[in-house]
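This report describes selected features of one protein chain. The sequence and the model are shown first, and the discussion follows.

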Amino acid sequence: MSETTGKSSPYQTILVAGGGSWGTALASLTARAGMATTLWARNDQVVSAINGSRENSIYLPGIKLPETLGATTDLAAALENADAVIFVIPAQYARDNLAEMRRLTGGKTLPVALCCKGIERGTGALMTEVIADAWPEAIPAILSGPSFAADVARGLPTAVTLACADKSSGERWAQTIKAPHFRPYLTADMIGAELGGAVKNVLAIACGVVEGKGLGESARAALIARGFAEFQRLGVALGAEAQTMAGLSGLGDLILTCSSRQSRNMSLGYEIGEGRTAKEIIAERQTVSEGAASAGPLMKLAGAAGVDMPICAAVADLVDGRTGVDQAILGLLARPLRNEGSPAE
């Protein structure tokens, strides 16, 4: 992981695609840094609230947004002058939206920072694979790491991983999003960065179950450690770098997301631990818990790679209704004892 030289110029006209809490926080970040920033959302209420009261009252209430930030439901107009895209649409909707952006730009070569953390259902594709299919001319980057939207929007100190195989684009992205309170660290390891973001969401559901079930802090700590071991096994199999997995987008994001019910995924697990089903909880929510959608595809990815991930497998069974909490816990505790460094744990 490396820091930027500071010699690259930032992108100047930014489209932030996605009007949820994270998209709004990132749009606020670049707008405050002086970039011409437009947030695109499908939700008319979100757009009206941002343009009218300078607040995303639905997804990021109570936080004043900069006067220079504009919002629109017109994607074509938002793309017209953009020289870079921050893509914050949930993973399961990424393909269609990226393909639409490609169509509207005529296949223009634009830098796209992917901020969605998930694995596509059906295909099992990571987000870099999705964009390669849907918008092959785009220059992808991955923005990931321990960062709650409200913290970033309030100007609280945050550090993230910015992964980009194209060094020039990575340097420019770093100059675009950096702020006194927001510190990006560069890496070329895109697999490690995006895999960390997807796996930690699944593990956060497991940690929420532990808390909701009242199993104690010792159990949660053990789950984080063993979950990280699962992530490492899969990362090694897929070519991720050890430094990235142990860094901000891997271990850092895992610790944050598994430690606070401010995480949508952990809060989902908490309610499951209290006795509700994932299906009923998700049906009531306006926000997306990426881990619930990614758990099944993650297990297919692990199976294809020959990697054992028992905690993530238990989460997949829970969210898809194939098992209950008590059965999942008993299943994990009944596994044969092994050496800690064993490839199958």
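Which residue takes a positive phi just after helix 14? In this predicted model, that residue is G306, with a phi of about 70°.

**Helix 14**

Helix 14 covers residues 290–305 and contains 16 residues. From its first C-alpha to its last it reaches 22 Å, which is close to the 22 Å expected at 1.5 Å a residue. The helix has a kink of about 35° at G296, shortly before the proline P297.

The buried residues of helix 14 are E290, G291, A292, A293, S294, A295, G296, P297, L298, L301 and A302. These buried residues pack against helix 8 (190–212), helix 9 (217–238), helix 12 (264–273), helix 13 (278–284) and helix 15 (310–319).

On the side of helix 12, one residue to consider is N265, which is found in that helix. N265 is buried, with a relative accessible area of 5%. Leaving aside its neighbours within four places in sequence, N265 is in contact with N201, A204, I205, S289, E290, G291 and A292. Among these, E290, G291 and A292 also belong to the buried residues of helix 14.

**Strand 4 and its neighbours**

In a regular strand the side chains alternate between the two faces of the sheet. Strand 4 (residues 84–87) is covered on both faces: A84 and I86 are buried on one side, and V85 and F87 are buried on the other.

Strand 4 runs parallel to strand 1 (residues 13–17), and four bridges join the two. Within this pairing, I86 is the bridge partner of V16. Strand 4 also runs parallel to strand 5 (residues 111–114), to which three bridges join it. Here V85 stands opposite V112.

Strand 4, helix 4 (residues 94–105) and strand 5 together make a right-handed β-α-β unit. Helix 4 contains N97. Is N97 buried or exposed? N97 is buried, since its relative accessible area is 7% and the limit for a buried residue is under 20%. Leaving aside neighbours within four places in sequence, N97 is in contact with W40, R42, F87 and I89. Of these, F87 is one of the buried residues of strand 4.

**Salt bridges**

Side chains of opposite charge can pair when their charged atoms come close. How many salt bridges does the structure hold? The structure holds 18 salt bridges, and three of the pairs are listed below.

| Pair | Closest N to O distance |
|---|---|
| R54 and E67 | 3.9 Å |
| E137 and R102 | 2.6 Å |
| D308 and R335 | 2.7 Å |

The first pair is the salt bridge between R54 and E67, with the closest N and O atoms 3.9 Å apart. Both residues lie in the loop between helix 2 (44–53) and strand 3 (70–72), 13 residues apart. R54 is buried, with a relative accessible area of 7%, whereas E67 is exposed, with a relative accessible area of 64%. The backbone at R54 also deserves attention. Most residues other than glycine have a negative phi, and most peptide bonds are trans. R54 has a positive phi of about 60° although it is not a glycine.

The second pair, E137 and R102, meets in a salt bridge at 2.6 Å, N to O. The pair links distant parts of the chain, 35 residues apart: E137 is in the loop between helix 5 (127–134) and strand 6 (139–144), and R102 is in helix 4. E137 is partly exposed, with a relative accessible area of 25%. R102 likewise counts as partly exposed, at 32% relative accessibility.

The third pair is formed by D308 and R335, whose closest N and O atoms are 2.7 Å apart. D308 lies in the loop between helix 14 and helix 15, and R335 lies in the segment after helix 16 (325–333), so the salt bridge ties together parts that are 27 residues apart in sequence. D308 is partly exposed, with a relative accessible area of 26%, and R335 is partly exposed, with a relative accessible area of 24%.

In addition, salt bridges that share partners join E271, R276, E280, E284 and R285 into one network.

Note on methods: Residues are numbered from 1 along each chain as its sequence is written. This is a predicted model: local features need pLDDT of at least 70, side-chain atom pairs count only at pLDDT 80 or more; totals for chains, interfaces and linings use all residues. Side-chain values use heavy atoms; hydrogens and water are left out. Buried means under 20% relative accessible area, exposed over 50%, partly exposed in between (1.4 Å probe, protein chains only). Two strands pair if DSSP finds at least two bridges between them. A crossover is right-handed if, with the strands pointing away from the viewer, the path from the first strand over the helix to the second runs clockwise. The expected span of a helix is 1.5 Å times one less than its number of residues. The bend at a residue is the angle between axes fitted to the seven residues ending there and the seven starting there. Contact means heavy atoms within 4.5 Å. A salt bridge is a side-chain nitrogen of Lys or Arg within 4 Å of a carboxyl oxygen of Asp or Glu.
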